[in-house]
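Got your viewer open and your mouse ready? Let's take a walk through this protein, one selection at a time.

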Amino acid sequence: MKVVLLHGWPVSERVWVSQVSALRDAGFDPIAPHLYGRGPSIDDWAAQLLREIDGPLVPVGASMGGYCALAMARRAPERIVGMALVGSRADADSFERRRLRQEQIVELRVDEVPDLADEDANLEHLAVAQEAMRDRLDLTGVAASFGGPLLVCVGDRDGIVSVDEARELADGALDGKLVVFPGAGHFVAVDQPEEFNAVLLDFLSQWKT
């Protein structure tokens, strides 16, 4: 069983260094793919990843990565044995979120580098990723009908996903669990790596052989 660590925006897979190390030390097989440059839609990314990685999977998706995790579960529910959504949501963008994304896309295309992005980030890839998030499907039904355990993590200082929204996501699942990280912002695994690693390893222990 492979653990697939799916990064958020505008960061890259490099944010998962602590988690990759902790998972390997615990005997798991983590994979942290680069999501940018995979096409114009989150569904395209999910399809590519399912082709690239074989066998049963547990996607761990942070923000944008959570959208990709849900898209993987929609495409291949029989392969997704569990899932963790971290500072993420299942519904589509609101009108206000779509408007904000459009503003970010314009800024990226005039070479404005966002905070937290890697120094060598491809700004066009970041813009296309914003378009993919803006146009993604509402996968609330996928989260609600998901047959495996669903871990929902959120920081109580997350300015994008509220604790109430995260709780609704977990409560709506067949086997959902919510963990709130006091003092953490949108990127829980970056803000509180040790605490997050402990929660993640506990969640994954049910598949430990």
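Start by selecting Arg109: with a relative accessibility of 39%, this residue counts as partly exposed, because partly exposed covers the range between under 20% (buried) and over 50% (exposed). Keep in mind that you're looking at a predicted model.

**Stop 1: the partner of Arg109**

Which residue forms a salt bridge with Arg109? Select Glu124: the closest N and O atoms of the two residues are 2.8 Å apart. Glu124 sits in helix H5, while Arg109 is in the loop between H4 and H5, so you're seeing a link between distant parts of the chain, 15 residues apart. Glu124 is partly exposed as well, at 38% relative accessibility.

**Stop 2: a network of charges**

Now add Arg14, Asp118 and Asp120 to your selection. Salt bridges that share partners join these three into one network. Zoom in on Arg14 and Asp120, whose side chains meet in a salt bridge at 3.0 Å, N to O. Trace the chain between them: Arg14 is in the loop between S1 and helix H1 (17–25), Asp120 is in the loop between helix H4 (95–108) and H5, and the two are 106 residues apart. Is each one buried or exposed? Arg14 is partly exposed, with a relative accessible area of 48%, and Asp120 counts as exposed at 53%.

**Stop 3: another pair**

Next, pick Asp91 and Arg89. Their side chains also meet in a salt bridge, this time at 3.1 Å, N to O. Switch on a surface and check both: Asp91 is partly exposed, with a relative accessible area of 31%, whereas Arg89 is buried at 14%. If you'd like to hunt for others, the whole structure has 17 salt bridges.

**Stop 4: the sheet**

Time to hide the side chains and go to cartoon view. Look for an open sheet of six strands with parallel pairing, in the order S2-S1-S3-S4-S5-S6. Which strands are at the edges? They are strand S2 (29–31) and strand S6 (176–181), each of which pairs on one side only. On average, neighbouring strands of this sheet are turned by 15 degrees against each other, direction ignored.

Select residues 83–86 for strand S4 and 150–155 for strand S5: this parallel pair is made over four bridges. Click on Leu85, and you'll find Val152 of S5 standing opposite. Then colour residues 163–171, which make up helix H7. Helix H7 lies across S4, S5 and S6, and runs at about 175 degrees to S5.

**Stop 5: helix H2 and its covered side**

Select residues 42–52, and helix H2 lights up. Which of its residues are buried? They are Ile42, Trp45, Ala46, Ala47, Leu49 and Leu50. The elements covering them include strand S1 (2–6), strand S3 (57–62), helix H3 (64–75) and helix H5 (123–134).

**Stop 6: Leu50**

Finish by zooming in on Leu50, which belongs to helix H2. Why does Leu50 count as buried? Its relative accessibility is 12%, and buried means under 20%. Show what's around it: leaving out residues up to four places away in sequence, Leu50 touches Leu57, Met72, Arg75, Ala76 and Arg79. For your last click, draw a distance from Leu50 to Val110: the two are 60 residues apart in sequence and 34 Å apart in space, C-alpha to C-alpha.

Key
Residues numbered from 1 in each chain as written. Predicted model: local features only at pLDDT ≥ 70, side-chain atom pairs only at ≥ 80, totals over all residues. Heavy atoms only, no water. Pairing = 2+ DSSP bridges. Axes fitted to C-alpha atoms, helices over the stretch in contact; angles between N-to-C directions. Contact = heavy atoms within 4.5 Å. Buried < 20%, exposed > 50% of the residue type's maximum accessible area, 1.4 Å probe, protein only. Salt bridge = Lys/Arg side-chain N within 4 Å of Asp/Glu carboxyl O.
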